[in-house]
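Here is a short note to read alongside the model. Take the points in any order you like, with the structure open beside you.

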Amino acid sequence: MQKSGRLATILGMAFLAILVVPPVYYMIIASLKPRSAIYRTPSWLPERSSLDNYIKVLFNDHFLVNIGNSLIVALMTTLLAMILGVLAAYAIARFKFPGRNVASQLILMSYLTPMVLLFIPLSVVVGNLGLADTLPGLILVYLTFAVPLCTWLILGHFRDFPVDLEEAASIDGATKMRTLFSILLPVSAPALATAASLAFMMAWGELFLALTFVKGQGVMTAPVALQHMSTGDVQQYGPIMAGAVLSAIPVLVVYYISQRWVVQGAAEGAFKG
Amino acid sequence: MQANTSKAAAPAGAPAPAGPAGISPRGSGSARKPVASSREARLGLLLVLPAVAVIVILIGYPTISSIWYSFTDRMVGSPGRFIGLANYARLATDSGFLSAAANLVLIVGISLLLKLVLGTLVAVILNRPLPGRNLWRLLVMLPWAMPGFVAFMGLRLMFESPYGAINVALETFTSPVPFLSDPTWARISVVLATVWRGFPFWAISILAALQTIPKELYEAARMDGASAWQQFVNITIPQIRATVAVIAVISAIWTANGFENIWLMTQGGPSTTTMTFPVLSFLSLQSRQLGQAAAYAVVILPVMALFIMLLSRRKKEI
């Protein structure tokens, strides 16, 4: 019994490792290989490794600018969506006003609206606003997924949180806004971290809208820049994989720090898979 | 929390005789009174307004525009005229559209099934007392946690022929398999990549559901002599069914709308064998055909609406 249990555990661990590790491992190996090794003598072991691909992608291809753009876009999207999301969630969870239910329904529906339906008219709108091919234009467009996402997650948390503390504060004379900032927000830190991390992760990795809305070398985000490298006739896999590994790092750091909450938050209806 | 009423506004929630600080004479009963309701309503509307404005301007208006565009021959730079259902009529003979419709069923259906099987299996493994279980959970989430484009660029390299990782691993047994250039293999590759990226979430969600199942159920079943398989079929499956239904619908929505997986692996090819609606729409926009691009997007709206209806019904059950 004991023995078969241990065997099952070992088999289970082997299965998990085989399932997850190979693509990640191969990507990292490829990013360390010289160009010829990827195509001519492909292998699962790094025979000669160097950081040449990293140096090439970082210093020759505007990639630092692209990573910087991704950072600006993801941070600004997250910040704006969190501000709008917190205010809207607070209003819906705690205030009685006409249209409250409509607003809450609207937010769920808009979270599930397929982006493919929106991006064509949005390209016209963004063009008319004079924001075509600019980072503010892309940030504006990213609010389409980030605002419903943040509002929905924060709303769920505010609704679950008992109102007693806030009522005590209001009896003590605190204004509604003061109650929000000094009572509700501090106790909601995990939910806020979840919403912010998911918004950041989604904005950082977004490709579809970015391909449509930013085309110039100077405004491209990292995913766009890398997909441009990968759609040429000759695949520059070394630098592409180096760029991919570099682009994954910020998101993995965010994920690692917030994973305790993110997984649960995502389970509440906000994930891609 | 010290009361500090510097603002003139009396707290909307506080009834007229607000007790002195520190004393809260009322229980957790309703502190809201109709007296304050109009001010409360105004503040509420004000707070919700920015988010609603974003939704109406950036989601509501474009949705209606898309539907309108789909009835016109609008191009980039020309407003176009109303042409009725002509964009839709063209779909019946459009190989891209027919492929996308078939793939919607095929790619979404098969990848959901595989994600379900793999997700359940991984959840069951993670639910066992593994040494370093938290680290394993973190590892299993890696495909989901890394950015989508990184995952699919890496997977593309796995499937390349002849020098991709899978062919390198296979080379002692067989000649290189054309994973991305053969129609059938391209579909298989796309499905496998989609499953790899998506299974962790199923696994973690199912794991969460597994952990809510009362242990007594299994103990009772063991007393009755049920085998591990019988326990799985008669206890585990019924207990996680509701969770799985919700994940399935949401996952279907996201898979149907997925772009990176197809674009980075095959761009819808070879020819149109891995085409999906988002890729189709993106390609039409690139060829500046706004009306036709909108029709590709609008035509799956009923399917999406169905998914969303299923979801909102399921959400209530949980």
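Where is the place of Ser271(B)? The first point answers this, after two words on conventions. This is a predicted model, in which local features need pLDDT of at least 70 and side-chain atom pairs count only at pLDDT 80 or more, while totals for chains, interfaces and linings use all residues. Residues are numbered from 1 along each chain as its sequence is written, chains are lettered from A and ligands numbered from 1 in the order in which they are written, and side-chain values use heavy atoms, with hydrogens and water left out.

1. Ser271(B) sits in the loop between H11 and H12 of chain B. Its phi is near 50°, a positive value in a residue other than glycine. With 65% relative accessibility, Ser271(B) counts as exposed (exposed is over 50% relative accessible area, buried under 20%, partly exposed in between, with a 1.4 Å probe and protein chains only). Pro270(B) lies in the loop between helix H11 (260-265) and helix H12 (277-286) of chain B, and a cis peptide bond joins Gly269(B) to Pro270(B), with omega about -5°. Helices here (H or I, at least four residues) and strands (E, at least two) are DSSP runs, numbered from the N terminus.

2. Another cis peptide bond of chain B links Ser161(B) and Pro162(B), where omega is about 5°. Pro162(B) belongs to the loop between helix H6 (148-159) and helix H7 (165-170) of chain B. Such spots deserve a look, because most residues other than glycine have a negative phi, and most peptide bonds are trans.

3. Chain A offers a positive phi too: Asp133(A), not a glycine, has a value of about 60°. Asp133(A) is found in the loop between helix H6 (115-128) and helix H7 (135-160) of chain A. Its relative accessible area is 34%, so Asp133(A) is partly exposed.

4. How confident is the predictor about chain A? The mean pLDDT of chain A is 87, and 93% of its residues reach 70 or more (pLDDT is the predictor's confidence in each residue, from 0 to 100). Among the elements of chain A, helix H4 (residues 63-94) has the highest mean pLDDT, 96, and helix H2 (residues 35-39) the lowest, 70.

5. Chain B has 14 helices and 0 strands. Of its 318 residues, 51% count as buried. Chain B exposes about 15100 Å², and carbon and sulfur atoms supply 66% of that area (Shrake-Rupley method, 1.4 Å probe; for residues, only the protein chains shown count as cover).

6. On the surface of chain B, Leu106(B), Ile110(B), Leu114(B), Trp185(B), Ile188(B) and Leu192(B) make a nonpolar patch of about 480 Å². Patch residues have over 30% relative accessible area and no salt bridge; like charges are joined within 9 Å, nonpolar side chains (Val, Leu, Ile, Met, Phe, Trp, Tyr) within 5 Å. A salt bridge is a side-chain nitrogen of Lys or Arg within 4 Å of a carboxyl oxygen of Asp or Glu. Helix H3 (95-126) and helix H8 (183-210) of chain B each supply at least two residues of this patch. Leu114(B), in helix H3 of chain B, has 35% relative accessibility and therefore counts as partly exposed.

7. An unreviewed UniProt entry places the feature "transmembrane region" at several spans of chain B, including residues 100-126 and 293-312; such annotations may be inferred rather than shown by experiment, feature names are shortened, and positions follow the numbering used here. In the model, residues 100-126 of chain B are 100% helix and 0% strand, with end C-alpha atoms 36 Å apart. For residues 293-312 of chain B, the span is 90% helix and 0% strand, and the end C-alpha atoms lie 29 Å apart.
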